[in-house]
Number of protein chains: 2
Amino acid sequence: MKHLQTFHYVEGVARAGSIRKAADDMNITASALNRRIQRFEEEFGYEIFERLPRGVRLNPAGELLMQHFRVQASDLRRVQGQVADLSGERRGHVSVACSQALIPYFLPAQIAAYRQNHPGVSFSVRVRDREAAERELAEFSSDLALVFEPVHLVDFEVLMAVPQIINILIRRDHPLAAKPVVRLRDCLDHPHVLPTSQYGVRALLDTAAALGSRPLNPIAESDSFEFMRHYVRHENAVAFQIPIGLHCGPDSDCVMRPISTRDMPPGNLLLGQMRGRTLPVASARFAQGLAQAMEPFREANSPGG
Amino acid sequence: MKHLQTFHYVEGVARAGSIRKAADDMNITASALNRRIQRFEEEFGYEIFERLPRGVRLNPAGELLMQHFRVQASDLRRVQGQVADLSGERRGHVSVACSQALIPYFLPAQIAAYRQNHPGVSFSVRVRDREAAERELAEFSSDLALVFEPVHLVDFEVLMAVPQIINILIRRDHPLAAKPVVRLRDCLDHPHVLPTSQYGVRALLDTAAALGSRPLNPIAESDSFEFMRHYVRHENAVAFQIPIGLHCGPDSDCVMRPISTRDMPPGNLLLGQMRGRTLPVASARFAQGLAQAMEPFREANSPGG
DNA sequence: CCTTGTGCTGCAAAAAATGCATCGGTTTTG
DNA sequence: CAAAACCGATGCATTTTTTGCAGCACAAGG
């Protein structure tokens, strides 16, 4: 959209931290870009960048303005969606920031199901840790966030919450597979792999371990749940996962077992949006569908096994 | 602001109902304006005007877009206000749509008081009947509305409400001046002047008269409270007014007397804004002050006498 | 049937944005 | 301590975009 060009340029400069770099990124001359900024500052009435010896940086006024631009751009997309809707097209675009756990099974299935009814709607799926997912919402780069145990919850409007008991993922021949429910201390006695600290599962494990005064002693740590999932097959270790993230069929070589709630409280898987924002039609509908689909996972133990 | 130029043009065309007329109004050629519209429609992806044989008219998509533009423009002003605020200027502009009753005493005093502390803030005061005031809010042409007995209340977010007992305004030598509280039927026995039907006072009188099965029989009807106020001096008639609208000092030749609440329920004087909107700093502050100043008028009878 | 008013379009002129080279400044580097 | 590397700003020629003018086709009203 043409009249948002200024926004695009300002954003580029803010991101690059220098007009020249930004100009390079956006295939424009530094002088042209520089003048665009100057022109805009003039008509806006205030400088929005502070000029540093090594470049530029948004000043508070600029931050305010950027937020305004983001809202504006997002709202324009919403209007376009509504217009498409009333011309019977049901088009649109939905962008979701989500935790890794949702990537393999849950989200693909949900999106496919939604697209079956609305082929005109396209999706962006971004894997983000809890922190980044919330930031995406605030910056209007994502419409929805689906995260396990979000950190701040400022500007995060909860659309749906389902408690999730943390499960361990082990091989069928692992000694712990015999019990239907396992204790945390038993898990820690066996070799275990842990997610890195930016993940909600790790945060819960950290506090639980501290309370039980049993130190975590991971043989491996990773920011990839997929890695951990595959690793347990090799060394017969214990991995941790929330039930919604994994389906262990009866013919799978792995099983899941819930950790006793006496050791660890369930964490919350939250579906949320930017507080106060009016979502585009497509996103709102999709969120509704997601919420419905999340319901069965409420307090769910390891499904199958 | 440059990037809102399209908005300005679209609005002009929508208002004029024809591209050529709008072009004339806005000092631009019809061809240039026409092409702006076309270009915009192209990049927006949908037509926003329906072409009629005698001109153009916004289609539903266009209506949606206009609303978006209005929000956007209003939000930009808010941001500019905030920026001015953080550079310590405390500038801004407040626009108020209000009923006639507030014009002579209440609003001038309030605005003067506010401007004493914030000389950088300017004001627009528009006299509007209840209907128009609410429309102004919805179209973002006014930040605040101060109306007696609003009609629809959709999109009207109430910031403050004070009940107002309708008073009669009469000369000191009028027979009804003897009683501290008057009955409606007694008023109707005397010659009386009434506001026209778009006003809240009239609406309340209409229903009360209907309930008491006593017909209204105005010797004069006017849309100007000022006219009615002066008329009572000439023919010794009865006029109706809400207490906040008038100060009758002890040396005045007129007095006010409340109508018994057995005959008429108090109406509400409401201060409101567009639902869900974030007001500019200045407007929000001023609204706060207004609300405080309204408090003493709660259920107030004729002040002074 | 002609007049009036509409939106639309080809073409030349005017206006705006861009690219290039360069200046004056600060920081980094050798 | 000087040279190199960046930085934002600016003057000027060029390119791109926008505008104005004139005229077209079409529909309504007299």
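Two residues are taken to be in contact if their C-beta atoms, placed from the backbone, lie within 7 Å. Everything below refers to a predicted model, in which local features need pLDDT of at least 70 and side-chain atom pairs count only at pLDDT 80 or more, while totals for chains, interfaces and linings use all residues. Residues are numbered from 1 along each chain as its sequence is written, and chains are lettered from A and ligands numbered from 1 in the order in which they are written.

With that contact rule, 100% of the interface residues of chain A turn out to be interface residues in chain B too, so the copies meet through the same surface. The contact pairs 22 residues of chain A with 22 residues of chain B. Helix H4 of chain A (residues 60-86) gives the largest share of chain A's side, 14 residues; helices here are DSSP runs of H or I with at least four residues, strands are E runs of at least two, and both are numbered from the N terminus. Sorted by class, that side of chain A holds 11 nonpolar, 8 polar and 3 charged residues. For this sorting, Ala, Val, Leu, Ile, Met, Phe, Trp, Tyr, Cys and Pro count as nonpolar, Asp, Glu, Lys and Arg as charged, and the others, Gly among them, as polar.

How do the two chains sit relative to each other? A turn of 180° and a shift of 0.0 Å along the axis lay chain A on chain B with an RMSD of 0.3 Å (least-squares superposition on the C-alpha atoms of residues with pLDDT of at least 70 in both). The two copies are thus related as by a two-fold rotation axis. Within chain A, the residue that comes closest to this rotation axis is A:His3, with its C-alpha at 2.6 Å.

Then there is the DNA. A residue is called near a strand if its C-beta atom, placed from the backbone, lies within 6 Å of it. Around DNA strand D there are 20 residues, of which A:Ile19, A:Ser31, B:Thr29, B:Ser31 and B:Ala32 come nearest. At least two residues each are supplied to this surface by helix H2 (19-25), helix H3 (30-44) and strand S2 (55-58) of chain A, and by helix H3 (30-44) of chain B. H3(A) has the largest share, 5 residues. The class count for the surface near strand D is 6 nonpolar, 7 polar and 7 charged.

DNA strand C has 21 residues around it, with A:Thr29, A:Ser31, A:Pro53, B:Ile19 and B:Ser31 coming nearest. For this strand, H3 of chain A and H2 (19-25), H3 and S2 (55-58) of chain B each bring at least two residues, and H3(B) makes the largest contribution with 5 residues. Here the classes come to 6 nonpolar, 7 polar and 8 charged residues.

Back in chain A, an automatic or database domain assignment sets the bounds, giving domain 1 (2-65), domain 2 (89-163 + 268-297) and domain 3 (166-266). The C-alpha centres of domains 2 and 3 of chain A are 26 Å apart, and each of these two domains puts 14 residues into their contact. On the domain 2 side, these are 9 nonpolar, 1 polar and 4 charged residues.

Chain A also has an open, antiparallel sheet of 3 strands, ordered S10-S7-S11, where pairing takes at least two DSSP bridges between strands. Its edge strands are S10 (239-241) and S11 (254-258), each pairing on one side only. Strand S7 (167-171) of chain A is joined to the antiparallel S10(A) by 3 bridges, and A:Leu169 has A:Ala239 as its bridge partner in S10(A).
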